[in-house]
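The following exercises concern enclosed spaces and charged side-chain pairs in a protein model. Please examine the sequence and the structure before reading each solution.

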Amino acid sequence: MIPRTIFSSDHELFRDSVRKFLEQEAVPYHHQWEKDGHVDRALWSKAGEAGMLCSHVPEEYGGMAADFLYSTVVIEEIGRLGLTGIGFSLHSDIVAPYILHYGSEAQKQHYLPKLVSGEMITAIAMTEPGAGSDLQGVKTSAVLDGDEYVINGSKTFITNGWLADLVIVVAKTDPKAGAKGTSLFLVEANTPGFSKGKRLEKVGMKAQDTSELFFQDVRVPKENLLGQPGMGFAYLMQELPQERLTVGIGALASAEAALQWTLDYTRERKAFGKAVADFQNTRFKLAEMATEIQVGRVFVDRCLELHLQRKLDVPTAAMLKYWGTDLQCKVLDECVQLHGGYGYMWEYPVARAWADARVQRIYAGTNEIMKEIIARSLV
């Protein structure tokens, strides 16, 4: 197979520590977390102590000022172990960058150290019952009243929503201005008028706390505005390539893990007097998956190189997100088939990974939206 060359020895040492941490602190408990509908909050503090959260944050705010490959390692190891309940990447690689890039110095000093340590868990509230991939359709409003903004509206499908202590809320400050009327706000969970609905019961990713959020006359000081008023949509567009990169990274890691589980299973499972892996159909399916995963791995690593150089553009990130998640779902479906009836049993990791994978083609912008983004760049 084509060797990966983007990681240094320091990255690989970090990978070893992350893998050991997850095998000790998460793997034995994930099944129970699936029943609970959320991971243990203590995992976040332990991860913070282990340097697994917001490693890219500058040292003056408590981070390690590490490059994005450290985040990549965390995403890949979580993906390989099928620990889909753990929302570290959304916290570290999606929410934290908004505060770091657009927040005031006071906001950075107040929040970033708590994100790094795991003292605060974060979420970003974009999606609404009537607005998903179309972020311009957001109805949640934020009206300036003296020195405060008053927020009203509701959000749904919010990852980390149940455990979140701090939420970035996407709201309309000028409904008549279209995209230019959207702003971002930092809202803490204990703010009066802010409530959390039930944890949503999903087909997969059962250990991930996905929740509804409600805002009823929620008052926040003007200082809680993130960045400039009316710039929210522009900020979202600037940060989405990294979000879609993280989805692509996780997709390939999941596909690689599923292939390995299936290799192990088909070597051991007997049918008609020989190993399932000895049948030509099985061997061809394994060969096809291995080839496509290798193609995807090279693409992911090239996108990572571009991202480290700040050259990963929106269409390329969209390509990775759509193609990588389509591949993930294709591989998982083939792997379930090769497991036979056992592939449909929840106790087998391939079954849970198959159920978990399906949403990857929906969130962070549906794959249909990704194709539209790519097409616009072409024509």
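**Exercise 1: A salt bridge within one helix**

Arg-297 is buried, with a relative accessibility of 4%. The term buried means under 20% relative accessible area, exposed means over 50%, and partly exposed lies in between (1.4 Å probe, protein chains only). The model is predicted: local features need pLDDT of at least 70, side-chain atom pairs count only at pLDDT 80 or more, and totals for chains, interfaces and linings use all residues. Residues are numbered from 1 along each chain as its sequence is written, and side-chain values use heavy atoms, with hydrogens and water left out.

Task: Determine which salt bridge joins the side chains of Arg-297 and Asp-301, and state where the two residues lie.

Solution.
- Step 1. A salt bridge is defined as a side-chain nitrogen of Lys or Arg within 4 Å of a carboxyl oxygen of Asp or Glu.
- Step 2. Between the side chains of Arg-297 and Asp-301, the N to O distance is 3.8 Å, and the pair forms a salt bridge.
- Step 3. Both residues belong to helix H8, where they are four residues apart, about one turn of the helix. Helices (H or I, at least four residues) and strands (E, at least two) are DSSP runs, numbered from the N terminus.
- Step 4. Asp-301 is also buried, at a relative accessible area of 9%.

**Exercise 2: Salt bridges between distant parts**

Task: State which parts of the chain are linked by the pair Arg-4 and Glu-76, and which strands hold Arg-219 and Glu-148.

Solution.
- Step 1. The side chains of Arg-4 and Glu-76 form a salt bridge at 2.9 Å, N to O.
- Step 2. Arg-4 lies in the segment before helix H1 (9–25) and Glu-76 in helix H4, 72 residues apart, and the pair links these distant parts of the chain.
- Step 3. Arg-4 is partly exposed, at 27% relative accessibility, whereas Glu-76 is buried, at 0%.
- Step 4. A salt bridge also joins Arg-219 to Glu-148, with the closest N and O atoms 2.9 Å apart.
- Step 5. Because Arg-219 is in strand S7 (residues 210–221) and Glu-148 in strand S3 (residues 148–159), this pair ties together parts that are 71 residues apart in sequence.
- Step 6. Arg-219 is partly exposed, at 39%, and Glu-148 is partly exposed, at 30%.
- Step 7. The structure holds 24 salt bridges. A network of salt bridges links several residues, among them Arg-4, Glu-76, Arg-297 and Asp-301.

**Exercise 3: The cavities**

Task: Find how many cavities of 30 Å³ or more the structure has, and describe the lining of the largest cavity and of the second largest cavity.

Solution.
- Step 1. On a 1 Å grid over the protein atoms alone, a cavity is a set of points where a 1.4 Å probe fits but cannot get out; lining residues have an atom within 4 Å of a point. A volume is the space filled by probe spheres set on the points.
- Step 2. The search of the whole structure gives two cavities of 30 Å³ or more.
- Step 3. The largest cavity holds about 70 Å³ of space, and its lining includes Met-52, Tyr-70, Phe-88 and Asp-93. Helix H4 (68–80) and helix H5 (88–102) are the elements that give two or more residues to this lining.
- Step 4. Seven residues of the largest cavity's lining are nonpolar, four polar and one charged. Here Ala, Val, Leu, Ile, Met, Phe, Trp, Tyr, Cys and Pro count as nonpolar, Asp, Glu, Lys and Arg as charged, and the others, Gly among them, as polar.
- Step 5. The second largest cavity has a volume of about 30 Å³. Helix H8 (280–308) supplies the largest share of its lining, four residues.
- Step 6. The lining of the second largest cavity has one nonpolar, no polar and five charged residues.

Methods: 1 Å grid on protein atoms, 1.4 Å probe; cavity = no way out; pocket = protein on both sides within 12 Å on 5 of 7 lines; lining within 4 Å.
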